[in-house]
Amino acid sequence: MSRAGFAELTWNAATRPGLFSRVAGTAALAAVLALFMGCAPKPVSRAGFFFGTVIEVTVSGSGSAAGEAALDAVFSRFEELEQRLSATVAGSDVDRLGDGAGEAVAVSDDALRVLSRAYYFAELTGGAFDPTIGPLVALWGIGSDGARVPSDEEITAARALVDYRRASVDEAAGTATLSAGQRADLGGIAKGYAADEAGRILNEAGIGHALVNLGGNILTLGGRPEGGPWRIGLQDPFGERGDYIGVLEITDGTAVTSGAYERYFEKDGVRYHHLLDPSTGYPARSGLVSVTIVAPSSTDADALSTAAFILGPEEGIALVESLAQTGAIFVTEDRRVIVTVNLAESFKLTDDTYTLQKR
Amino acid sequence: MILTRFKKGDLFVAVVTATLLLAAGAAALIARAGAGDPVAIVIVDGAAVDIINLRDARAEERVYASALGTCAVAFEPGRVRIAAADCPDQVCVHTGWISRPGQSAVCVPGRVAVVVRGDRAEVDAIVG
């Protein structure tokens, strides 16, 4: 806001209009500034439970009636997407796709879009991200009551079913196909798609500033209502929920983290987290504790954070650096924080028990 | 370039601008003063049902029932926690005391959440 204001002042000085118009312009500018700094319209917030997590959406920059209506639309959309994309909702597209494995199954446009983007990232990452990981996710049950360490035989059998190259989508026909025995799981991408859909709906409703928080996946519209970028804390992978090790500034963008601390269980002193490596069938052990991706699309950031975590620091950074407008923050088990060059200005490490490693 | 063309009218504009900017800044500060205490928000079935300033909180326990479960929330000056819940995983109870803006204790099966927020928080949200 203030930057736009100064641009306007410069324009006034350069074109030298009459004194009255200059004063009027300045007063209007100050009024706008006062509106945004002191008496901005009250932000409207709502929370709900979808995709196994708590979702909070805050909007401002519009009247509160318009804000409430936009929130209604966003939360009905979340409900619809959960019914279509969740692997654990009976009768969802993803559930029916698994039940009908072996033949083409008609699915919603949402499922087609997410599956086709998921296969794109499976291809791009050589299967580090694989939406056919369903049998392994179900076997481990991490995050459910039935979480357990499977036997090697069980893992080998489940792993044999995980292969995106034996699955496909036909967008023209409106169908998707898995091979016999395969099951899809969109847990690594569906929340990102839901965030993008929330952003699209709010944008179309004319909402100027919004903060969408899907259980720690962040999407923003505009900047802070009072001016400047949103300030997003980076969760401390070794700390309590809400402890952060640095601050990331975002305007009109999204940040998604995959962290070993998010969902896990412990057995005989070993921690098993939910980021399963399709190539081993076990939780990924890549030396990383979290990967945060900053990108224009939350769908892409979601898939990429999972893939980069599984690939590890070297290959993960190479992957991120090969993509336009995409940045990342990697946190390693030995408390190093690796930041891509394009985030050097917008990310500040605030916890000196970590070591910053620039690319 | 701009300096050489600086005239009396421009000085007037600059003074007016500076005054208005200072006034706007002061208004913003006044609007935010006293609004920086951590606030606990209890969310049941997606709606905020209680908003409690944690600095002024008394030691007490409140019970919240959602469509899917019941949670006992314990307040103390400066902090809050989910003390008991009838959910199977007890993740919310194991979260323990929370006190800083950005922290939350969430019972996903029971659809009850306690989040701590503050207007003058250093950050708007936590990614992770």
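Q: In this predicted model, how do you know that β6(B) and strand β7 (residues 112–117) of chain B pair?
A: Two strands count as paired because DSSP finds at least two bridges between them. β6(B) and β7(B) are joined over 4 bridges, in the antiparallel sense, so the criterion is met. In β7(B), A113(B) is the bridge partner of V106(B).

Q: What makes β2 and β6 of chain B the edge strands?
A: The open sheet holds 4 strands in the order β2-β1-β7-β6 (chain B), with antiparallel pairing. β2 (47–53) and β6 (104–107) of chain B each pair on one side only. Neighbouring strands of this sheet are turned by 15 degrees against each other on average, direction ignored.

Q: Why is α3(A) called roughly antiparallel to α8(A)?
A: The axes of helix α3 (residues 64–85) and helix α8 (residues 190–204), both of chain A, come within 10 Å and cross at roughly 155 degrees. Angles over 145 degrees count as roughly antiparallel, and therefore α3(A) is roughly antiparallel to α8(A). The crossing of α3(A) past α8(A) is right-handed.

Q: Which residues make the contact between α3(A) and α8(A), and how do they divide into nonpolar, polar and charged?
A: Among them are A70(A), V74(A), F78(A) and L81(A) of α3(A), with Y193(A), A194(A), A198(A) and I201(A) of α8(A). The residues of this contact divide into 12 nonpolar, no polar and 3 charged.

Q: Where in chain B does pLDDT stay under 50?
A: pLDDT stays under 50 over residues 25–35 of chain B, a stretch with 11 contacts beyond four places in sequence in the model. Chain B averages a pLDDT of 78, and 70% of the residues score at least 70.

How values were computed. Residues are numbered from 1 along each chain as its sequence is written. Chains are lettered from A and ligands numbered from 1 in the order in which they are written. This is a predicted model: local features need pLDDT of at least 70, side-chain atom pairs count only at pLDDT 80 or more; totals for chains, interfaces and linings use all residues. Side-chain values use heavy atoms; hydrogens and water are left out. Helices (H or I, at least four residues) and strands (E, at least two) are DSSP runs, numbered from the N terminus. Axes are lines fitted to C-alpha atoms, for helices over the stretch in contact, and angles run from 0 to 180 degrees between N-to-C directions. pLDDT is the predictor's confidence in each residue, from 0 to 100. Contact means heavy atoms within 4.5 Å. Angles under 35 degrees count as roughly parallel, over 145 as roughly antiparallel, 65 to 115 as roughly perpendicular and the rest as oblique. A crossing is left-handed if the near helix is turned anticlockwise from the far one by less than a right angle, and right-handed if clockwise. Ala, Val, Leu, Ile, Met, Phe, Trp, Tyr, Cys and Pro count as nonpolar, Asp, Glu, Lys and Arg as charged, and the others, Gly among them, as polar.
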